[in-house]
Amino acid sequence: ELVMVSVSLLAFFVRHKSPAVFVELGGNVTLPCRLMHRDIISFGTMAIRVKWIKVAEDEALNEDVLSSMGPHKNTYGSFEDRVFMQELDSDDASLVITDVSMDDKGKYRCEIISGVEETLQYVILEVESGVVFPYSPHLGRYNLNFTGAVQACEEQDAVVANHAQLFEAWKGGLDWCNAGWLSDGTVQYPINRPREPCGGSKNGPGLRNYGRLDKHRLYDVFCYASSSNGRFYWLVQPDRLTFDEAVQACLDDDAEIAKVGHIHAAWKLEGYDRCDAGWLADGSVRYPISRPRKNCSPTEAAVRFVGFPDKTQKSYGVYCYKAEQ
Ligand SMILES: *[C@@H]1O[C@H](CO)[C@@H](O)[C@H](O)[C@H]1NC(C)=O
Ligand SMILES: *[C@@H]1O[C@H](CO)[C@@H](O)[C@H](O)[C@H]1NC(C)=O
């Protein structure tokens, strides 16, 4: 019974002690692990083995990630050629994972085996999934060179999406027939319902990829917004507003007019739903629908785009955003 108690205590300890590391989908991440008894043994020697394992709920389903003995390294399965040991110094057994996918999420164990001694270190990898959205500025479709694309996403409190993020969005149903820049300098677009004007109806669903293009060329962009700590909301007030009045109304509420990244993040990550068209900071008017219904995006859950109306038009409300202190 004593053994039972200590095992569950250990399990408790491990579960609560494991540090977590966060990474965006498609990014690179380092899972820390260090050799502890530096004075006794050193890491470059053949006598020390390091194994990285991805630990499953059921230990029988554990996956080998990497093994290392001196200069000999092996990587396994879906991790093959995608992971390496950082080895910044002779005590550093940290694991670098590149191009992180959703499947990489989970708990990892670093085993350092030296003679009869074995030390185990655990780390949890959290993969953050934000929201990808296509963006074109008020000038209209295909007006952004690569630099302009980077800037356009920044102005929406977002970044240019990477391939893994667009791929994940495509798997989630994103279908968009305008090509946009990605962070690696390629131009792509996601198609779930193949049709003639969107890369051909005979090609299957997938990402249509123009490859890496001259950065002067003009396309739209796919932006990526992660969840934020701020609050996105519809400002309840009696009148319809011009754009300038909308900006001021949010300021008067101790907030700012919301950006396109904020409305997409709130829609996707919080299920925000409101059938009222409101001004946003870039001068566009949109509304977020997560429960499709008559007169409110009846066929799909989406952030609906009304347009870039005349800014003096008094026809809309406003969405505001309050950053957390
Ligand atoms: C991730 O690492 C790989 C290989 O070291 C590198 O080519 C790539 O640019 C890195 N990606 C990011 C997003 O830093
Ligand atoms: C990109 O477009 C901006 C205007 O949006 C322009 O000022 C800049 O010179 C362009 N850069 C390149 C590399 O084409």
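**Figure 1. Two Link spans in a predicted model.** In this predicted model, residues 230–322 have end C-alpha atoms that lie 5 Å apart. The span is 23% helix and 27% strand. Residues 131–225 also have end C-alpha atoms 5 Å apart. Helix makes up 20% of that span, and strand 29%. An unreviewed UniProt entry annotates residues 131–225 and 230–322 as "domain: Link".

**Figure 2. The chain as a whole.** The chain holds 325 residues, and 32% of them are buried. Five helices and 21 strands are found along the chain. The C-alpha atoms fill a box of roughly 75 × 50 × 35 Å along the principal axes. Take the contacts between residues at least 6 apart in sequence: 59% of these join residues at least 24 apart.

**Figure 3. The largest nonpolar core.** This core has 54 residues. Which residues have the most contacts inside it? They are Val221 and Cys223. Several elements each supply at least two residues of the core, including the helices α2 (146–155), α3 (163–171), α4 (243–252) and α5 (260–270). Strands do so too, among them β10 (131–135), β13 (186–191), β15 (220–225) and β21 (317–322). At least three core residues come from domain 2 (130–225), and at least three from domain 3 (228–322). A second, separate core has 21 residues, including Leu35, Val65, Leu66 and Cys110.

**Figure 4. Contacts of Val221.** Leave aside residues up to four places away in sequence. Val221 then touches Tyr135, Leu144, Ala149 and Ala152, among others. Its partners also include Cys153, Val160, Gly180 and Trp181.

**Figure 5. Helix α5 and its cover.** Why is α5 largely enclosed by the rest of the structure? Nine of its eleven residues are buried, so the rest of the structure largely encloses it. The buried residues are Val260, Gly261, His262, Ile263, His264, Ala265, Ala266, Trp267 and Lys268. Their cover includes the strands β10, β15, β16 (231–234), β19, β20 and β21. Gly271 follows α5 and has a positive phi, near 65 degrees.

**Figure 6. Helix α3 and its packing.** An α-helix has 3.6 residues a turn, so residues three or four places apart point the same way. In α3, the buried residues are Gln165, Leu166, Phe167, Glu168, Ala169 and Trp170. Which strands do they pack against? They pack against β10, β13, β14 (206–212) and β15. Just after α3, Gly173 has a positive phi of about 110 degrees.

**Figure 7. Two loop residues with positive phi.** Asp99 is not a glycine, yet its phi is positive, about 50 degrees. Asp99 sits in the loop between β7 (95–97) and β8 (106–114). Asp99 is partly exposed, with 14 other C-beta atoms within 10 Å. Asn295 is also a residue other than glycine, and its phi is positive, near 70 degrees. Asn295 lies in the loop between β19 (285–289) and β20 (302–307). Is Asn295 buried or exposed? It counts as exposed, because it has 6 C-beta neighbours inside 10 Å and the limit for exposed is 12 or fewer.

**Figure 8. The shell around ligand 2.** Around ligand 2 are Asn145, Thr147, Gly148, Lys215 and His216. How many of the shell residues are polar, and how many charged? Four are polar and one is charged. The shell has no nonpolar residues.

Key. Residues are numbered from 1 along each chain as its sequence is written. Chains are lettered from A and ligands numbered from 1 in the order in which they are written. This is a predicted model: local features need pLDDT of at least 70, side-chain atom pairs count only at pLDDT 80 or more; totals for chains, interfaces and linings use all residues. A residue is near a molecule or strand if its C-beta atom, placed from the backbone, lies within 6 Å of it. Ala, Val, Leu, Ile, Met, Phe, Trp, Tyr, Cys and Pro count as nonpolar, Asp, Glu, Lys and Arg as charged, and the others, Gly among them, as polar. A nonpolar core is a set of buried Ala, Val, Leu, Ile, Met, Phe, Trp, Tyr and Cys residues joined through C-beta atoms within 7 Å. A residue is buried if 20 or more other C-beta atoms lie within 10 Å of its own, exposed if 12 or fewer, and partly exposed in between; C-beta atoms are placed from the backbone. Helices (H or I, at least four residues) and strands (E, at least two) are DSSP runs, numbered from the N terminus. Domain bounds come from an automatic or database domain assignment. Two residues are in contact if their C-beta atoms, placed from the backbone, lie within 7 Å. UniProt positions are given in the numbering used here, feature names are shortened, and annotations may be inferred rather than shown by experiment.
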